[in-house]
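Biologist: I am new to this structure and would like a close look at one part of it, with the surroundings added afterwards. Please take it slowly and explain each term as it comes up.

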Amino acid sequence: MAAAAVTGWYGPLIDLSRAASHVGDFVQLLVLVRHYPSHPIQVKFRASNRGAMHRTLIQIGDNTRAFFCLSIANNHLGSTMHAGDVVLLQNVKLARYAEVFEAVATQISSVQVLIHSCQLVSMIGVDELIACCKVGINTREKLKKVVEWAHKTESLLRSIKQVPYHNGKQSTKNWKSQEENKSRNCTSVSEVLCLTESCKINFLACIGEIILQSQRPHEVVKNKLLLGKRLLRKADSIVEDIICTGCTRCGCPINSRLLDGMEFPLYCQNSGDYHHSVSFIYQPLLLYVWDHSKHITLLVRNKAAEMLFGNITAEDVYKCFEVVKLDALRKQEPRPNDGGPLYSEIPNGTESTNGSQQLECRKVAKHTDYTKKLDSYSIWLLLIKLLLHNENSPFKFEVSVNLETDKDSGRFELVSLTMPHYVADGG
Ligand SMILES: [Zn+2]
């Protein structure tokens, strides 16, 4: 995009997709403010000994790049824009940290709100919306593309509509205690990692890996199993790695080795009558998730794991898996000369079968309910493969943050997850 001829611009108006070519330069950006955090994060400058300062990380996007980060230290600058506004960011500097690009507001930066969020969601025609904006030709072209992109992306508009507005300004509420129970939205994983108080949060991230503690310690390095790698090698054995006996309510495994040195608690904290409900459970897993800024490990206990695995319970998976195993065993056995099945039609206790075969027959009879049901085991296995697929869209995670707990023991614990619905993205 060519440099726009407007006085006071220290660089060209560029698409976000071209940020890499302008690192270190001043540029003009015409973007949609996707998310504006309610609390600034504290950034510490250890090397320069300048102490700590607050910066607000704002999520922006345009028709060429859906997610980008704007970092501002100037509260006045930030107070002029809200989530859902289409803004012209003038004279911001592009920076690069490792593989992450960021726009940084400096003392000569300014913000011009071109279209307010309430106008954007009113579904007025694009031409009508931009008609009253006094901008140059290049800027108008870019504005049109950004507005069309925002209108096409249904999930974007939906999230903007949820922001309460009053007379064009974000309304402030006085229901503090009620607000505290609500989940707070975080723009990025790096914002989650910088939280200074325990709370519940929502953020978008991609699933990288599912990590579990092995029940066969001699098999793995550092006693941790990467499920993705294991799926490629021994898909059949992951049921026994991931499912154990424990309390379905609090997710505590009975096997003390999986409790990381702790004892199985006497009372259940997730039950009104303090009684554990013992059955098959998903043992506590670690979910490695990431976004453009950082990665984070979430603790996933039984109930959250059920949500992760499409509401399939550990008991359903385990019992279906047993049936699959027995079926495979029966197929391996020699058949009589007439070719009919040997064991499945023989009643319990018949003389022609030996003891172990009788036991297998009883197991088959016991699990006929599970053979009639959907094959939860195969569906579950397929779901895990899909979850670990590299090219998935981000999931929306609801996580409870407990800063008093160690990172691997539940500082960030998964509460729920949903898959946001993207209709169209890009110009
Ligand atoms: Zn319990």
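Modeller: Let us begin at T139, which lies in helix α4, residues 137-152; helices (H or I, at least four residues) and strands (E, at least two) are DSSP runs, numbered from the N terminus. This is a predicted model, in which local features need pLDDT of at least 70 and side-chain atom pairs count only at pLDDT 80 or more, while totals for chains, interfaces and linings use all residues. Residues are numbered from 1 along each chain as its sequence is written, and side-chain values use heavy atoms, with hydrogens and water left out.

T139 has a relative accessible area of 3% and is therefore buried, where buried means under 20% relative accessible area, exposed over 50%, and partly exposed in between (1.4 Å probe, protein chains only). Once its neighbours within four places in sequence are set aside, T139 is in contact with W9, L13, L30 and L88, contact meaning heavy atoms within 4.5 Å.

Turning to strand β5, residues 68-72, five of its five residues are buried, so this strand is largely enclosed by the rest of the structure. F68, L70 and I72 point one way from β5, whereas C69 and S71 point the other way, and all are buried. β5 pairs with strand β7, residues 100-115, in the parallel sense over three bridges, and strands are said to pair if DSSP finds at least two bridges between them. In β7, V104 is the bridge partner of S71.

The zinc ion is another place worth a careful look. Its protein donors are C247 (SG), C250 (SG), C268 (SG) and H276 (ND1), lying 2.2 to 2.3 Å from it; donors are N, O and S atoms within 2.8 Å of the metal (3.2 Å for Na, K and Ca), and because water is not among the atoms, sites may look incomplete. The four donor atoms subtend angles of 104 to 116°, which is why the arrangement is tetrahedral, a label given to four donors if all angles lie between 85 and 135 degrees. For comparison, the ideal angle for four tetrahedral donors is 109.5 degrees. In sequence, the donor residues are spaced C-x2-C-x17-C-x7-H. Distant parts of the chain are linked by C247, in strand β13 (residues 243-247), and H276, in the loop between β13 and β14 (278-282), which are 29 residues apart. C247 is buried, because its relative accessible area is 0%.

There is also a nonpolar core to consider, that is, a set of buried Ala, Val, Leu, Ile, Met, Phe, Trp, Tyr and Cys residues joined through side-chain atoms within 4.5 Å. In the largest one, which has 48 residues, F203, Y282, L298, F309, W380 and F397 touch the most other members. Strand β11, residues 199-213, contributes the largest share of this core, with seven residues. A second, separate core of 22 residues includes L16, V33, I58 and F68.

L193, in helix α7 (residues 189-193), is partly exposed, because its relative accessible area is 31%. Not counting residues up to four places away in sequence, L193 touches K294, H295, I296 and F412.

For the chain overall, there are 14 helices and 18 strands, and buried residues make up 43% of the 427 residues.

How values were computed. Tetrahedral: all angles 85-135°; square planar, octahedral: opposite > 155°, others 65-115°.
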